[in-house]
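Here is a guided reading of one molecular structure, meant for someone who has not seen it before. Please keep the sequence and the model at hand while following the paragraphs below.

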Amino acid sequence: MIIHSADFVISNTEVEKCPAPNLPEYAFIGRSNVGKSSLINMLTNHKKLAKTSGKPGKTQLINHFSINKEWYLVDLPGYGYAKTSKTNRKMWSKFIDQYLLTRENLMNTFVLIDSRLEPQKIDLDFMEWCASNGIPFSMVFTKTDKLSKVEIDKNIAAYKRRMLKQWEEMPPYFVTSSVSSKGREEVLDYVEEVNGL
Ligand code: GDP
C-alpha cells in the first residue's frame, strides 16, 4: 500500500466522540513504551504523526488518523500501568474495553509486543481477553533491530509455545522495526487484504 495521506482527525477519551464509523478501522495497542508511536510514524512515513515519548503513562487518549482517506488508523492508550493492583484485575482502562467491544468498523487490532522480552502476562491476558470477546487481532513484534535473527526466532517461538497451549492456532504476526522499517509492507499489505481495498 502506498501512503498518500495521513491526517490527524481527533483525540478523545469517549468512544461516543470517535468519528462516524464510515471507514474501516485498524487499532494499535500495547504496553507503554512498546514502540507504538514509532511504529505508527514508520508505517505512515511521518516523523511526528503519533507523539513518541520516553515517559510512559501519559494522557490516555484514543487518537484517530485518516489514512489515504480510505481507512482509520487508531492509536489506543498504552496498557499495563496499574502496578498497585494486588488482584489479578485487568490492567487496561474501561474505555479501551468499551472501544474494542463496541466499535463496529474495527477490522483488526494490532497488539504490539516487545520482541526483546519473554512472554509477558499482561500481553497474554490482553490477547486472551480479545479472543474470548471475538475481537480480531494480530501481533506485531517491535524493536527487532535490537536482536539477532536467532534471538527473534527464539522469543517468537516462546510466544507460540505459550499461545498454542490455549488456542489451536497463532494469530497472524509481524516482525517489525521502526528503525529499519522492517515489516512495514507486510503490515500495510495486511490492512489492504483485510479491507479488500
Ligand atoms: P510508545 O510509548 O509505545 O509509543 O513507544 P515509543 O514509540 O515512544 O518508543 C519508546 C522508545 O523505544 C523510544 O525511545 C523509541 O526510540 C524506542 N523505539 C521504538 N521503536 C523502536 C525500534 O523499532 N527500534 C529501536 N531500536 N528502538 C525503538
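**A strand and its surroundings**

Strand β2 (residues 25–30) and strand β4 (residues 71–75) pair in the parallel sense, and four bridges connect them. The model is a predicted one, and what follows describes its features as they were computed from that prediction. Within the pairing of these strands, Val 74 of β4 is the bridge partner of Ala 27. Strand β2 also runs parallel to strand β5 (residues 106–114), to which it is joined by six bridges, and here Phe 28 has Phe 110 of β5 as its bridge partner.

These pairings belong to a wider arrangement, an open sheet of seven strands in the order β1-β3-β4-β2-β5-β6-β7, in which the pairing is mixed. Its edge strands, each of which pairs on one side only, are β1 (6–12) and β7 (173–175). On average, neighbouring strands of this sheet are turned by 25 degrees against each other, if direction is ignored.

How many of the residues of β2 are buried? Six of the six are, so the strand is largely enclosed by the rest of the structure. In a regular strand, side chains alternate between the two faces of the sheet. In β2, Glu 25, Ala 27 and Ile 29 point one way, whereas Tyr 26, Phe 28 and Gly 30 point the other way, and all of them are buried.

Two of these residues, Ala 27 and Phe 28, return in the largest nonpolar core, which has 37 residues, and they are among those with the most contacts inside it, together with Val 74, Leu 76, Val 111, Leu 112 and Val 140. The largest share of this core, five residues, is contributed by β5. Leu 112 offers a way to look at the surroundings of the core, for, when residues up to four places away in sequence are not counted, Leu 112 touches Phe 28, Ile 29 and Gly 30, as well as Val 34, Gly 35, Lys 36, Leu 39, Val 140 and Thr 142.

Two of those contacts, Lys 36 and Leu 39, are also among the buried residues of helix α1. This helix (residues 36–44) is mostly covered, with seven of its nine residues buried, and the others in the buried group are Ser 37, Ile 40, Met 42, Leu 43 and Thr 44. Just after α1 comes Asn 45, which takes a positive phi of about 60 degrees.

Technical notes
Residues numbered from 1 in each chain as written. Predicted model: local features only at pLDDT ≥ 70, side-chain atom pairs only at ≥ 80, totals over all residues. Buried ≥ 20, exposed ≤ 12 C-beta atoms within 10 Å, placed from the backbone. Helix = DSSP H or I, 4+ residues; strand = E, 2+ residues; numbered from the N terminus. Pairing = 2+ DSSP bridges. Core = buried A, V, L, I, M, F, W, Y, C linked by C-beta atoms within 7 Å. Contact = placed C-beta atoms within 7 Å. Axes fitted to C-alpha atoms, helices over the stretch in contact; angles between N-to-C directions.
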